[in-house]
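Me: I am new to this structure and would like a close look at a single part, the surroundings of the ligand. Please keep it plain.

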Amino acid sequence: MEENMTSLIMIFGATGDLAKRKLFPSLYRLYEGKRLNKFAVIGVARNAQPNETFQQAVKESVLAALGNKNDLDEFVSHFYYQAHDAADSSSYADLKKFADEIDEHYNLEGNRIFYLAMAPQFFGPIALHLKSDGLTDVKGYKRLIIEKPFGHDLSSAKELNQQIRTAFSEEEIYRIDHYLGKEMVRNIEVIRFANAIFEPLWNNQFISNIQITSSETLGVEERGRYYESSGALRDMLQNHMLQMVALLAMEPPIKLSTDEIRSEKVRVFRSLRMIEGEQVNDYFVRGQYGEGSINGEQVPKYRDEPMVDKESNTETFVAGKIMIDNFRWAGVPFYIRTGKRMAAKSTKIVIQFKDIPINLYYQTEKLNPNLLVIHVQPEEGITLYLNAKKAGGNMDAEEVKLTFANTGANAMNTPEGYEKLLYDCMRGDATNFTHWDEVAYSWAFVDKISEVWQKTKADFPNYASGSMGPKAADDLLEKDGFFWWPVTDLDVEICQ
Ligand code: NAP
């Protein structure tokens, strides 16, 4: 992998929320950590404004995210602004001229990263123009970074992929799934493949089920228009949840290269049991939040949010049972649930091991199963639940927790996902980005579910804001003899 940290970064949508809240602070942290050699940024959006106004906005976004920094003026001096309408074919030529000038001025060796921080309908047309107007005609590397949503079903994703592939090869396309930038999601692989005690147990002989919860307390906020056409299935399951499933379920790669890891993940996607037709409602549960209370505050139902249809059939919650039909995982359910306006903000993975054959500790009514909990956010860490002797005379067993709290140890150093992903892209490391094959398989899986849900009107709202979702999501596990481990009880204690 080359480590060429010299680049011209062109951000399309540079006055938007993503650029301000995530990209500028992340770039600053790379700069501060001396991980950018020579660089310049061209911000692109429609509104005309001088460079100074743009630089001031970059400065403010870094100040808001990271506080005052001595070298901020020097940092923002690398930022330039170009007013440009992505839909206007005639202005790409000016953009190319400007990019070539900046490249030459900073001696950026023709390396270019195009970050499309814009609405997805622009991805295809921009990529086509970048090629036809010569912006990708460079002597260094050229890379494209895009965010979800990558299409809204398999056929639109294919169409989009064809468009961007005219300008960029698969190796040059970095499809961000920001969950893959999260420290503990990256850690799944290390926990599994660097510990002799887990990998031998990591299969259907010893694991009874795996639960992945990603819950938010926020509602749909101002994103009603986007969310109405997406819903939790497309917004969370197709990408982040299935990516976590793949990392948990994949076989050990023969080495830690991008291609090897991706091909193992793709094999998991290929083994997903397709759930279709009448089976969908046996395996998947949809929900939509009603009114309720979050942190003591009364909040409205989804259908009363701005830009949301009063009769909306869009799900804000999804729970499901995913089966991976291969030798390792046959018979082990991977339960996933994700939703908005839930009781807690939490992303956690619980690996529940099988019960031991008999309980010798008859005074202990029921031994808890061993659990390995991976805390993804907001806390970061690992907890292993074991049974050990209760202090005192009797041979009773009680639950003990072995905890590693990453937030305690490295709170100040935990970099944001975007910083790591930008750094990876500059280094040419695509491991933590999604390959087209992963996108295609996951859409094929999700399309079968949405086909059924689109046809039938759900009885919404069916869960109160501030709860953990509809009762049917609990029933989904109960009928298999399991229950959701409550995410708040599993919180990792943060060492001070
Ligand atoms: P946003 O706040 O609406 O910003 C959109 C940006 O695009 C603005 O800078 C806007 O500036 C520019 N723009 C719009 N039309 C344009 C055109 N025709 N030509 C050139 N520039 C144009 O959106 P966002 O929240 O930053 O999201 C951007 C993308 O990232 C979306 O695909 C979103 O799904 C994804 N995303 C965002 C977040 C987040 O945290 N915000 C997280 C994950 C993914 P002008 O109007 O001045 O042109």
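Which polar backbone atom is 3.3 Å from an oxygen atom of the ligand, that is, to which residue does it belong?

Reply: The model is a predicted one. The backbone atom belongs to Gly13, and it is 3.3 Å from an oxygen atom of the ligand. Two side chains also offer polar atoms. A polar side-chain atom of Asp17 is 2.6 Å from a nitrogen atom of the ligand, and one of Arg21 is 2.7 Å from an oxygen atom of the ligand. With the protein in place, 76% of the ligand's 880 Å² of accessible area is covered, the area being that of the ligand on its own.

The shell around the ligand holds 22 residues, of which Thr15, Asp17, Leu18, Arg21 and Met118 come nearest. Sorted by class, eleven residues of the shell are nonpolar, five are polar and six are charged. Helix α1, residues 17-32, supplies the largest share of the shell, with three residues.

As for the wider setting, the model has an open sheet of six strands in the order β3-β2-β1-β4-β5-β6, paired in parallel. Its edge strands, which pair on one side only, are β3 (79-83) and β6 (173-175). On average, neighbouring strands of the sheet are turned by 20° against each other, direction ignored. Within this sheet, β4 (residues 112-116) and β5 (residues 142-146) run parallel and are joined by five bridges. Leu116 stands opposite Ile146 in β5. Helix α4, residues 92-106, lies across β1 (7-12), β2 (39-45), β3 and β4, and runs at about 165° to β3.

Definitions and conventions:
Residues numbered from 1 in each chain as written. Predicted model: local features only at pLDDT ≥ 70, side-chain atom pairs only at ≥ 80, totals over all residues. Heavy atoms only, no water. Pairing = 2+ DSSP bridges. Helix = DSSP H or I, 4+ residues; strand = E, 2+ residues; numbered from the N terminus. Axes fitted to C-alpha atoms, helices over the stretch in contact; angles between N-to-C directions. Contact = heavy atoms within 4.5 Å. Near = heavy atom within 4 Å. Polar contact = N/O pair within 3.5 Å; in protein donor to acceptor, adjacent residues only side chain to side chain. Areas by Shrake-Rupley, 256 points an atom, 1.4 Å probe, with all protein chains shown as cover. Nonpolar A, V, L, I, M, F, W, Y, C, P; charged D, E, K, R; others polar.
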